[in-house]
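User: Could you take a close look at the metal site of this model and walk me through it step by step? I am a first-year student, so please connect the pieces as you go.

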Amino acid sequence: MIKIKTDKEIEIMRKAGEITKNTLLEVEKYIKPGVTTRELNKIAHDYIVKHNARPSFLHYGGFPASICASVNDVVVHGFPNDEPLKEGDIISIDVGACYEGYHGDSARTFAVGKIDEIKQKLIDVTKQSFFEGIKGIKAGSRVGDISSQVQNYVEKYGFGVVRDMVGHGVGRNLHEDPNVPNYGYAGLGPVLKKNMVIAVEPMVTMGDYHININGWDVRTVDGSVAAHYENTILITETGVEILT
Ligand code: MG
Ligand code: MG
C-alpha cells in the first residue's frame with residue numbers, strides 16, 4: 001500500500017531531508033585521495049547525530065555503517081573500510097537521516113581527485129537522469145513515466161541502467177511502496193498522488209547493466225564503474241518538491 005503523508009508528516013520529512021542533504025555536502029568536503037571511507041562514515045555519522053537525527057542505514061537489515069560507500073565497480077551498499085581512496089576513483093555515497101521517526105534518503109557520486117573524462121560523463125549523465133526522470137511529474141503521473149524518462153536519457157549516452165535495484169517510497173520506513181524502477185514504460189505503474197514521498201535513484205553503469213548481488217556486495221558483472229544519484233521527493237499537485 002502506498003502511504004499518503006499528512007501535512008504534518010511532510011513538515012518533518014522536509015527536516016529529515018535537509019539533514020540528509022547537508023550530510024552529503026559535509027562529506028563531500030573531505031573526499032580526496034588518501035581519505036578512507038571509514039573516515040567519511042564517521043563524518044556523516046557525527047553530522048547526523050549532532051543534528052538530532054539518527055543514521056537510517058546503521059543496523060538497517062544488519063548494515064554495519066551510517067553511509068554506503070561504493071567505490072568504482074561497486075554499485076551500491078559498499079561497507080566503509082580502511083582502504084584509502086585513490087586519485088581517479090569514483091565513489092558513490094548513499095546516506096539516510098531519520099528525524100522524529102521519518103527518513104530522508106539521498107546519494108551522490110563524487111570524483112576522487114582528477115578522473116577520466118568518461119567517468120565524469122557517467123557521473124553527469126547519472127545526475128541529469130534524475131532530473132530528466134522527474135520532468136513533468138506531478139499528482140496523476142505514473143511511476144512508469146519516471147522510469148521511462150530516466151532510461152531513455154541514460155541509454156542515449158550508451159550507459160547501462162541497473163534493473164535489479166530500484167527506487168522506493170520513503171516515510172516512517174526507509175523502504176516503502178511503491179518500487180520506482182529506472183527502466184520501463186510511460187503510462188504504466190502506480191499512479192502518483194499528492195503527498196506521496198518517493199526516492200528516485202538512478203544507478204548507471206559505464207558498461208553492461210547486469211550486476212552481481214552477493215549479500216551486501218553489489219558489483220557490475222563486467223567490472224565497469226557505476227554511478228548513483230538519489231533524492232527523496234514529494235509529489236505535489238503541480239510538480240515535485242525535492243526534499244534532499
Ligand atoms: Mg539511498
Ligand atoms: Mg533509496
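Analyst: In this predicted model, the magnesium ion (ligand 2) and the magnesium ion (ligand 1) are 3.1 Å apart, with aspartate 105 coordinating both. Taking ligand 2 to begin with, its protein donors are Asp105 (OD), His168 (NE2), Glu201 (OE) and Glu230 (OE), and they lie 2.1 to 2.3 Å from the ion. Along the chain, these donors follow the spacing D-x62-H-x32-E-x28-E. Distant parts of the chain are linked by the pair of histidine 168, which sits in strand S7 (residues 167-169), and glutamate 230, which sits in the loop between S13 and S14, 62 residues apart. Both histidine 168 and glutamate 230 are buried.

Turning to the magnesium ion (ligand 1), its protein donors are Asp94 (OD), listed twice, together with Asp105 (OD) and Glu230 (OE), at 2.0 to 2.5 Å from the ion. The spacing of these donor residues in sequence is D-x10-D-x124-E. Because aspartate 94 lies in strand S4 while glutamate 230 lies in the loop between strand S13 (226-228) and S14, this pair ties together parts that are 136 residues apart in sequence.

How accessible are aspartate 94 and glutamate 230? Aspartate 94 has a relative accessibility of 8%, and because buried means under 20%, aspartate 94 counts as buried. Glutamate 230, with a relative accessible area of 0%, is buried as well.

Definitions and conventions: Residues are numbered from 1 along each chain as its sequence is written. Chains are lettered from A and ligands numbered from 1 in the order in which they are written. This is a predicted model: local features need pLDDT of at least 70, side-chain atom pairs count only at pLDDT 80 or more; totals for chains, interfaces and linings use all residues. Side-chain values use heavy atoms; hydrogens and water are left out. Donors are N, O and S atoms within 2.8 Å of the metal (3.2 Å for Na, K and Ca); water is not among the atoms, so sites may look incomplete. Helices (H or I, at least four residues) and strands (E, at least two) are DSSP runs, numbered from the N terminus. Buried means under 20% relative accessible area, exposed over 50%, partly exposed in between (1.4 Å probe, protein chains only).
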